[in-house]
Amino acid sequence: MAFEGLAERLQATFDKMKGRGKVSEADVKEMMREVRLALLEADVNFKVVKKFVNDVKERAVGQEVMKSLTPGQQVIKVVNEELTALMGGEQSKIATAQKAPTVVMLAGLQGAGKTTTVAKVANHLRKHNNRKPLLAAADVYRPAAIDQLETLGKQLNMPVFSLGDQASPVDIAKGAIEQAKEEHCDYVLIDTAGRLHIDENLMGELQDVKEAVQPEEILLVVDAMTGQDAVNVAESFNDQLGITGAVLTKLDGDTRGGAALSVRQVTGVPIKFAGVGEKIDELDEFHPERMASRILG
Ligand code: GDP
């Protein structure tokens, strides 16, 4: 079924109310049911939806909307504001360490878009922040990940540190930082290994890298198309590794982006970037307000 915008859906409820003069408890309930459906259709995790709907009900709908002349707009405004706030309100920038180089680890499941995102973020840092990044090829498990990063590095004309696929990710990460210092690079972006599913070995290796290099940022790369699954992925990585931010990829697809809300809700960390295509410059800073509008349809 094609999704109708929330505004349209709510209109039907408001039409019914017209002429009755007063908005009943039942009307509010019905409106929130529409909001709930809209969020579920946008692939927001059901637990997250439940909490959200309850919060919104408590915060404003009861009073403001009932007294308002245009309850429809009010509900949408409140829902929009609340969604924006839940996703962090403001745009959140990538951190810079006090002492260069700033080390950023990118983690995520295989296929999420990690390797591509390493190059995209590096390109972004150079283009918009005038930084000089070095890329570290520490995904020693996915065949071709190292080649892929080297190719991307060439394309960007940026240094890539690699020790092949037999070295340990910890040695690669450390070596990359050394090289960055020698070459006066101020960011080191580490491409780490993913797996098809979360497992202990994967987490153990990532923890080792974290321990060894104490990154300023650990960004979890999540495929926005995975919808509901994004919650489990985000929860596991955050519990076991501790992440500082997320990058949502493949937002150029037809997903409405509910994963953004879910990831933010279960981890509490900001989403910093959005991948919007396969090309190297198809990366946007993440704007909570724009995403709220997209989720609401
Ligand atoms: P990794 O296994 O996590 O390192 O994943 P890759 O970086 O190899 O990406 C997996 C696939 O997703 C590749 O075909 C990428 O081109 C594609 N990809 C990555 N980010 C995006 C994005 O934002 N939009 C689209 N459409 N494709 C993406």
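User: The expected span of a helix is 1.5 Å times one less than its number of residues. How many residues does α8 have, and how far does α8 reach from its first C-alpha to its last?
Analyst: Helix α8 (a DSSP run of H or I, at least four residues, numbered from the N terminus) has 14 residues, 200-213, and reaches 20 Å, close to the 20 Å expected. This is a predicted model, where local features need pLDDT of at least 70, side-chain atom pairs count only at pLDDT 80 or more, and totals for chains, interfaces and linings use all residues. Residues are numbered from 1 along each chain as its sequence is written, and side-chain values use heavy atoms, without hydrogens or water.

User: Which residues in α8 are buried?
Analyst: L202, M203, E205, L206, V209 and V213 are buried, meaning under 20% relative accessible area with a 1.4 Å probe, protein chains only.

User: Why are they on the same side of α8?
Analyst: Because they cover an arc of only 160 degrees around the axis, taken from the directions from the axis to the C-beta atoms.

User: And which exposed residues does the face turned away carry?
Analyst: On that face of α8, the exposed residues (over 50%) are E200, N201 and E211.

User: What covers the buried residues of α8?
Analyst: The cover includes two strands, β1 (102-107) and β4 (187-192), and two helices, α7 (169-182) and α9 (229-240).

User: Different topic: the ends. What does D199 do at the start of α8?
Analyst: One of its side-chain oxygens comes to within 3.1 Å of the backbone nitrogen of N201.

User: Which residue takes a positive phi just after α8?
Analyst: Q214 does, with a phi of about 45 degrees.

Terms used
Contact means heavy atoms within 4.5 Å. A polar contact is a pair of N or O atoms within 3.5 Å; within protein, one must be able to donate a hydrogen and the other to accept it, and residues adjacent in sequence count only if both atoms are side-chain atoms.
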